[in-house]
Amino acid sequence: MRDMMPHFDLYQPDSVAAALELTSRLDEQAWILAGGQDSFDWLKNRTRRTAAVVDLGAIDELKGVRESAGGGLEIGALTTLTDIEAHPLIREKFELLARAAGRVASPQIRNAGTLGGNLCQDTRCWYYRHGVDCYRAGGNICYADTPEGQNREHAILGASRCVAVSPSDTATALTALDASVVLRSRAGERIVPISEFLVGPAINIRAMTTLRPGEILTTVRVPAIWSGAMFYFEKVADRAAWDFALVSIAAAFRMDGKRVADARLVAGAVACVPWRLHAAERAVVGRERSEDSAERAASVAVDGARPLNYNHFKIPLTENLVRRAIRDAQGA
Amino acid sequence: MAAQYPPAGVELAASTRSAAGGDAAESHGRVTRHAGIDRLFHWLVAVTMLVLLATSLLPVIGIRFAWVEVHWIAGILLSGAVLFHILRAALRKKLRIVVPRPADLAELAGARPGKYSIAQKLTHTAFAMALLTAIGTGVPLMIKAGTPFFERDPYRFSLSTWGWLTVLHDLAAFLSLFLVMVHMYFSLRPEKRMYLRAMISGGMTRDELRQYHDEQRVQRGE
């Protein structure tokens with residue numbers, strides 16, 4: 001059964017305007033398809049069903065990377081992860097994003113998967129993906145956060161009833177780069193900081209983004225402020241290839257001589273959204289990058305963490321990644 | 001038997017007690033209707049209930065924010081206030097003063113009520129039922145929501161028990177919403193506004209007491 005796609009009406013618009021017309025008309029019935037790497041799981045497994053799929057793949061204006069007037073970048077939401085990993089402008093200015101995109105899944109998936117799809121993908125909590133009636137699926141139980149729940153991959157921070165984590169590697173990097181997303185609908189355009197675009201269960205337990213019915217993520221904007229900074233990205237997973245993060249770290253440092261003038265330290269897969277480690281950032285700003293400052297930052301990085309039965313390991317793992325990020329970050 | 005002055009259940013405000021004596025002084029004097037501790041309880045309950053209703057209902061209509069922690073913290077404050085209120089009323093043997101009794105039906109024929117009218121007693125009873133149900137179901141629901149007080153365990157009860165707890169909690173919430181709306185409406189009606197003033201300042205005038213209440217029933221603690 002899993003090899004067969006269920007029936008649905010397929011729409012393949014060739015412009016954003018046509019896509020918005022469709023999403024407006026179909027409203028909540030429209031399943032928006034980008035690279036399909038997340039969608040096909042849901043649909044083939046029959047865990048979710050839809051009457052209509054709007055495939056954005058033929059819309060060329062949603063693809064490509066452009067330099068914006070201020071020196072930042074505008075990246076079309078349908079740009080593939082392979083293109084992002086290899087794009088010279090991204091590698092020159094925001095190596096962090098290129099490295100994160102290059103650590104997503106496998107080459108085959110990166111060839112088809114898009115930046116927008118990677119940002120909007122649903123969580124990998126297997127209770128939820130299996131189709132149980134958990135909070136995120138509209139029920140009123142979290143099966144992962146129980147005395148017997150299998151929660152090795154789940155959240156240690158920011159949980160609220162649901163303990164699923166964000167699986168997106170690029171979201172972690174883009175949060176560190178203070179990026180924003182452009183969301184278009186027939187009603188107009190919204191530009192939302194990525195930190196507000198991605199939401200945790202305390203805000204909305206049924207969705208991982210603030211994307212509304214009828215809206216399409218068209219562009220990711222990366223401002224110039226972190227262009228050419230020192231970056232570090234590391235993803236720890238059970239397998240080096242084709243696996244989701246157990247914990248990842250995206251870091252950016254702007255230097256003033258030998259001292260850190262500003263810093264971003266963002267942990268992935270520890271919460272339902274990329275989790276900025278504010279205390280660790282404060283611990284390193286104004287100091288030299290050294291073993292001492294790395295230790296200082298690591299010691300406060302996950303204050304307030306609430307590990308579940310099987311994921312206590314994420315605390316020392318996150319602390320070690322913070323140490324390594326501060327110690328080993330490199331310039332472009 | 002001559003009427004006791006001030007009657008039981010109605011205390012003269014300290015500021016007017018020394019002036020009480022003549023008819024004019026009595027007719028313009030103020031009588032205490034709610035002690036400070038009772039008013040504090042009322043407004044604490046009011047604030048916590050509004051917070052509880054807002055945190056539970058606003059997300060349902062699409063206004064999304066982090067509501068869970070605020071909700072259960074307000075719930076604990078409300079529970080503490082209600083427990084204190086019940087204990088205080090029990091210790092002072094005042095539990096029956098707000099319980100509707102057959103004698104209250106005489107008000108339907110035009111008789112004046114004691115301290116509380118039958119409508120106020122029924123409202124209080126409905127509020128008590130709603131709040132006790134919400135608290136009684138809300139405490140076990142905290143086991144599932146995840147709070148510092150309990151180890152989170154959604155298997156503590158059966159699915160059907162959780163279902164009943166949730167349904168009863170939600171019904172209590174909707175009853176509370178209805179009662180709050182009714183209560184606020186009547187508290188703002190011109191002819192009832194003295195009760196709102198009394199809940200703010202603590203007292204009402206003796207004229208108002210005589211006009212709307214039966215002093216002898218008040219004296220008997222009804």
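Two strands are said to pair if DSSP finds at least two bridges between them. Strands (E, at least two residues) and helices (H or I, at least four residues) are DSSP runs, numbered from the N terminus. The model is a predicted one, in which local features need pLDDT of at least 70 and side-chain atom pairs count only at pLDDT 80 or more, while totals for chains, interfaces and linings use all residues. Residues are numbered from 1 along each chain as its sequence is written, and chains are lettered from A and ligands numbered from 1 in the order in which they are written.

In chain A, strand S4 (65-67) and strand S5 (residues 73-76) pair in the antiparallel sense over 3 bridges. One of the bridge partners is A:Leu73 in S5(A), which is matched with A:Glu67. The two strands form a hairpin with 5 residues between them, and A:Gly71 in the turn has a positive phi of about 95°. S5(A) is also joined to S8(A), antiparallel, by 4 bridges, and there A:Gly76 stands opposite A:Thr219.

Ahead of S4(A), the loop that follows S3 holds A:Asp60. A residue is buried if 20 or more other C-beta atoms lie within 10 Å of its own, exposed if 12 or fewer, and partly exposed in between, with C-beta atoms placed from the backbone. A:Asp60 is exposed because it has 11 other C-beta atoms within 10 Å. Its C-alpha lies 7.6 Å from that of A:Ser15, although the two residues are 45 apart in sequence.

Helix H1 (residues 16-26) of chain A has the buried residues A:Ala19, A:Leu20, A:Thr23 and A:Leu26. Seen down the helix axis, these residues fall within an arc of 140° (taken over the directions from the axis to the C-beta atoms), so they line one face of H1(A). An α-helix has 3.6 residues a turn, so residues three or four places apart point the same way. The cover over the buried residues of H1(A) includes strands S2 (30-33), S3 (52-55), S6 (180-185) and S8 (216-222) of chain A. Just after the helix, A:Asp27 takes a positive phi of about 50°.

A nonpolar core is a set of buried Ala, Val, Leu, Ile, Met, Phe, Trp, Tyr and Cys residues joined through C-beta atoms within 7 Å. The largest has 108 residues, and A:Leu96, A:Leu97, A:Leu177, A:Ala251 and A:Val322 have the most contacts inside it. Strand S10 (residues 247-256) of chain A gives the most to this core, with 6 residues. Two residues are in contact if their C-beta atoms, placed from the backbone, lie within 7 Å. Leaving aside neighbours within four places in sequence, A:Leu97 has contacts that include A:Ile84, A:Ile90, A:Leu177 and A:Val222.

Domain bounds come from an automatic or database domain assignment. For chain B this gives domain 1 (1-33 + 203-222) and domain 2 (34-201). Their contact takes 13 residues from domain 1 of chain B and 12 residues from domain 2 of chain B. Strand S3 (203-205), helix H8 (206-212) and helix H9 (215-219) of chain B each supply at least two residues of the domain 1 side.

The two chains also touch: 12 residues of chain B are in contact with 11 residues of chain A.
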